[in-house]
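Trainee: Got a minute to walk through a fold with me? I'd like to practise reading one from the big picture down to single residues.

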Amino acid sequence: MILDMYFERQESAIDETRRKYGNRLFRTSVNILYSNEDAEECVSDTLLKAWEVIPPNRPLMLGAFLARIARNISVNKWHAKGAVKRGGGETGLLLDELEECLTSLSGQPEKEYEKHLITEAINSFLGKVDKAARVAFVLRYFHGESIGTISGRFQMSESKVKSILFRARKKLRVHLEKEGVVI
């Protein structure tokens, strides 16, 4: 229904999107930025971006589509503000944890193609790991959830969550090498 509103260019689509997905988008942004004001700005930017790209795009899963936009905007804002020391370095830690698996991509056409291949390889990898590892991985590296939050959600110790994520990163590295992704 919301997508139809976008395609009909009804401005109420933005209000409905904020009502349904706003909290989720805010949590994703605040987990990256550690600032309520910045997170709220990212949510607004996400809604504007959605208005700009729908149509012509018609995402199959609007929530996931919006979360990805919010995450990208938040990470870009974090980089732009030089926020390495903000939030106790949690966002920097997230990026450092994955650095061993991924290369830096700068936006050049060939790098964008590599980014697409890496995304496909990661999606393929996530489809092959057990549910606990998949959910923990997505919560940590996509939504920016803390180890403590993930351990509380799964009712397990933080060391167990760290172990699950460590093993998942090791398996991801092997998977990426098998897929021919340059590390």
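**Walking through the helices**

Mentor: Sure. Read along the sequence, this predicted model follows the pattern α-α-α-α-α-α-α-α-α.

Trainee: How many helices and strands does the chain have?

Mentor: The pattern along the sequence is α-α-α-α-α-α-α-α-α, with no β in it. The count for the chain is zero strands and nine helices.

Trainee: What share of the 183 residues in the chain is buried?

Mentor: Buried here means under 20% relative accessible area. With that cut-off, buried residues in the 183-residue chain come to 41%.

Trainee: And for contacts with a separation of 6 or more, what percentage comes from residues 24 or more positions apart?

Mentor: Take the contacts in the chain with a separation of 6 or more, then pick out those between residues 24 or more positions apart. Asp4 and Arg58, for one, pair up at 54 residues apart. The share you asked for is 63%.

Trainee: On to H2. Where is the kink in this helix centred?

Mentor: H2 covers residues 12-33, and its kink is about 65 degrees. The buried residues of H2 include Ala13, Thr17, Gly22 and Leu25. Another of those buried residues is also the centre of the kink: Tyr21.

Trainee: Which residue just after H2 takes a positive phi?

Mentor: H2 runs over residues 12-33, and Leu33 is one of its buried residues. Just after the helix, phi goes to about 55 degrees, and the residue is Tyr34.

Trainee: Which residue in the loop between H1 and H2 has a positive phi although it is not a glycine?

Mentor: Look in the loop between H1 and H2. The residue there has a phi of about 60 degrees and counts as partly exposed at 37% relative accessibility. That's Arg9.

Trainee: Gln155 has a positive phi too. Is Gln155 buried or exposed?

Mentor: Gln155 sits in the loop between H8 and H9, with phi at about 55 degrees. Its relative accessibility is 74%, and the cut-off for that class is over 50%, so Gln155 counts as exposed.

Trainee: How are H8 and H9 arranged, roughly parallel or roughly perpendicular?

Mentor: The axes of H8 (residues 147-154) and H9 (residues 158-178) come within 8 Å and cross at roughly 105 degrees. Angles of 65 to 115 degrees fall in one class, so H8 and H9 are roughly perpendicular.

Trainee: How many nonpolar residues does the contact of H8 with H9 have?

Mentor: From H8 come Ile147, Gly148, Ile150 and Ser151, and they meet Glu158, Val161, Lys162 and Leu165 in H9. By class, that contact has two charged residues, two polar ones and, for the nonpolar class, four.

Trainee: Now salt bridges. The structure holds five; which residue does Asp4 pair with?

Mentor: Asp4 is in helix H1, and its partner is in the loop between H3 and H4, so look 54 residues away. Asp4 is partly exposed at 37%, and the partner is also partly exposed, at 44%. The closest N and O atoms are 2.7 Å apart, and the partner is Arg58.Trainee: Which residue in H2 forms a salt bridge with Glu16?

Mentor: Glu16 and its partner both lie in H2, three residues apart, about one turn of the helix. Glu16 counts as partly exposed at 23%, while the partner counts as exposed at 59%. With the closest N and O atoms 2.8 Å apart, the partner is Arg19.

Trainee: What is the N to O distance between Arg173 and Glu177?

Mentor: Both lie in H9, four residues apart. Arg173 is partly exposed at 31%, and Glu177 is partly exposed at 46%. Their side chains meet in a salt bridge, N to O, at 3.7 Å.

Trainee: Which peptide bond has omega near 15 degrees?

Mentor: Pro55 and Pro56 are both in the loop between H3 and H4. The peptide bond from Ile54 to Pro55 is cis, with omega near -20 degrees. The bond with omega near 15 degrees is also cis, and runs from Pro55 to Pro56.

Trainee: Last one: is Phe125 buried or exposed?

Mentor: Phe125 is in H6. Leaving aside neighbours within four places in sequence, Phe125 is in contact with Ala168, Lys171, Leu172 and His175. Its relative accessible area is 5%, so Phe125 is buried.

Conventions:
Residues are numbered from 1 along each chain as its sequence is written. This is a predicted model: local features need pLDDT of at least 70, side-chain atom pairs count only at pLDDT 80 or more; totals for chains, interfaces and linings use all residues. Side-chain values use heavy atoms; hydrogens and water are left out. The bend at a residue is the angle between axes fitted to the seven residues ending there and the seven starting there. Helices (H or I, at least four residues) and strands (E, at least two) are DSSP runs, numbered from the N terminus. Buried means under 20% relative accessible area, exposed over 50%, partly exposed in between (1.4 Å probe, protein chains only). Axes are lines fitted to C-alpha atoms, for helices over the stretch in contact, and angles run from 0 to 180 degrees between N-to-C directions. Angles under 35 degrees count as roughly parallel, over 145 as roughly antiparallel, 65 to 115 as roughly perpendicular and the rest as oblique. Contact means heavy atoms within 4.5 Å. Ala, Val, Leu, Ile, Met, Phe, Trp, Tyr, Cys and Pro count as nonpolar, Asp, Glu, Lys and Arg as charged, and the others, Gly among them, as polar. A salt bridge is a side-chain nitrogen of Lys or Arg within 4 Å of a carboxyl oxygen of Asp or Glu.
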